[in-house]
Amino acid sequence: MKNLNDKIVEKLVNTLNYPILIYFWSEWCEICKISKNIINNIEIKFKNKIKIIRVNIDYNYYTTEKFSIKNIPMVILVLNKKIIIKKQGIFNKEFFKKLIKKIL
């Protein structure tokens, strides 16, 4: 699972013209460990249609603060620099599939 730093995340959010799913997590979060596999599967399924960014909250304070992340795991869907959805908790694959297909 590749993680990006604050500067790269900001650049991607400000330049990409297709949906971006930002996944906030931490190594100490047990629910995040479960969610990791779901996020990986979604990334494979929608590889050329959506960008998935993983943000470890312990190392990316700016991005965590910018998006007002208080709980993890948290997913934020961004399209054209606007937050479309922000949800906290564990989600199944179907939730992501429906969400992504809805915006594509």
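## A polar contact at N60

The backbone oxygen of N56 lies 3.0 Å from a polar atom of the N60 side chain, where a polar contact is a pair of N or O atoms within 3.5 Å, one able to donate a hydrogen and the other to accept it, with residues adjacent in sequence counted only if both atoms are side-chain atoms. The model is predicted: local features need pLDDT of at least 70 and side-chain atom pairs pLDDT 80 or more, whereas totals for chains, interfaces and linings use all residues. Residues are numbered from 1 along each chain as its sequence is written, and side-chain values use heavy atoms, without hydrogens or water.

N60 is located in the loop between strand 2 (51-56) and helix 3 (61-66); helices (H or I, at least four residues) and strands (E, at least two) are DSSP runs numbered from the N terminus. N60 is buried, at 5% relative accessible area, because buried means under 20%, as opposed to exposed at over 50% and partly exposed in between (1.4 Å probe, protein chains only).

## The nonpolar core

The largest nonpolar core (buried Ala, Val, Leu, Ile, Met, Phe, Trp, Tyr and Cys residues joined through side-chain atoms within 4.5 Å) has 34 residues. Those with the most contacts inside this core are L21, I22, F24, I69, I76 and F96. Two or more residues come from each of helix 1 (6-15), strand 1 (20-25), helix 2 (30-45), strand 2, strand 3 (74-79) and helix 4 (93-103). Strand 1 gives the most, with 6 residues.

Leaving aside neighbours within four places in sequence, F96 is in contact (heavy atoms within 4.5 Å) with L21, I38, I39, I42, V75 and F91.

## Cysteines

C29 is buried at 7% relative accessibility, and C32 is buried at 2%. The count of disulfides (cysteine sulfur pairs within 2.5 Å) is 0.
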